[in-house]
Amino acid sequence: MPASIWLQQSDNIGYFRANVTSIIASRPVAGARVQITDENNPGEIIEEVETDISGQTEPIELPTPPLEYSMEPVAGQPYSVYNIKVSAPGFETVEVSGAEILPGQTAVQNVSMIPLEEGIGESEELYVIPPHTLYGTYPPKIAESEIKDTQETGNIVLSRVVIPSGV
């Protein structure tokens, strides 16, 4: 791919590249099929490519939110979320759910595939990347008191770093 394409900045385009290797000796897996789907519509394949002899795909352009979303704290989520499914003959299928693609950047997903054992049918490994804490639903932080009782354990955790004047 020409360098001029890499230097172009588009507010609504991010790039994805897969690097697929075997878990045994980290050998590249040529001809692995990489499918990309939108997290909100996993049944519709957006892109499907194969890895080359070095186990890599060409960079794939994917839609993202505008770059301005990452500049303002009140704006929407500044990245797109995709699901990645990698399959190759003789290997377990690997699925990565929640891959984040930022505008103008290239996200690289390294995938280590596990060879199938003789006589065992196909199996699948699923890796889930949870939503960022700003956009996911998480329980509230457990409140702690500022002043700790030192009589219970003898150990205390200070709220700030304290350097003693002499040791």
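In an open sheet of three strands, the order is β4-β1-β7, and the pairing between these strands is mixed. The model is predicted, and a further open sheet, with five strands in the order β3-β2-β5-β6-β8, also shows mixed pairing. In general, the strands of a sheet pair through backbone hydrogen bonds, in either a parallel or an antiparallel sense.

**The sheet β4-β1-β7**

- The edges of this sheet are taken by β4 (60-63) and β7 (106-113), each of which has a single partner strand, so that one side of each is left without a neighbour in the sheet.
- On average, and with direction ignored, neighbouring strands of the three-stranded sheet are turned by 35 degrees against each other.
- Strand β1, which covers residues 13-22, runs antiparallel to β4 and is joined to that strand by four bridges.
- Within this pairing, F16 has I60 in β4 as its bridge partner.

**The sheet β3-β2-β5-β6-β8**

- In the order β3-β2-β5-β6-β8, the edge strands are β3 (41-50) and β8 (124-128), and each of them pairs on one side only.
- From one strand to the next, the twist of this five-stranded sheet averages 25 degrees.
- Strand β5, spanning residues 80-87, pairs with strand β6, spanning residues 93-101, in the antiparallel sense, and the pairing extends over seven bridges.
- At the level of single residues, I84 stands opposite V96, which lies in β6.

Definitions and conventions
Residues numbered from 1 in each chain as written. Predicted model: local features only at pLDDT ≥ 70, side-chain atom pairs only at ≥ 80, totals over all residues. Heavy atoms only, no water. Pairing = 2+ DSSP bridges. Helix = DSSP H or I, 4+ residues; strand = E, 2+ residues; numbered from the N terminus. Axes fitted to C-alpha atoms, helices over the stretch in contact; angles between N-to-C directions.
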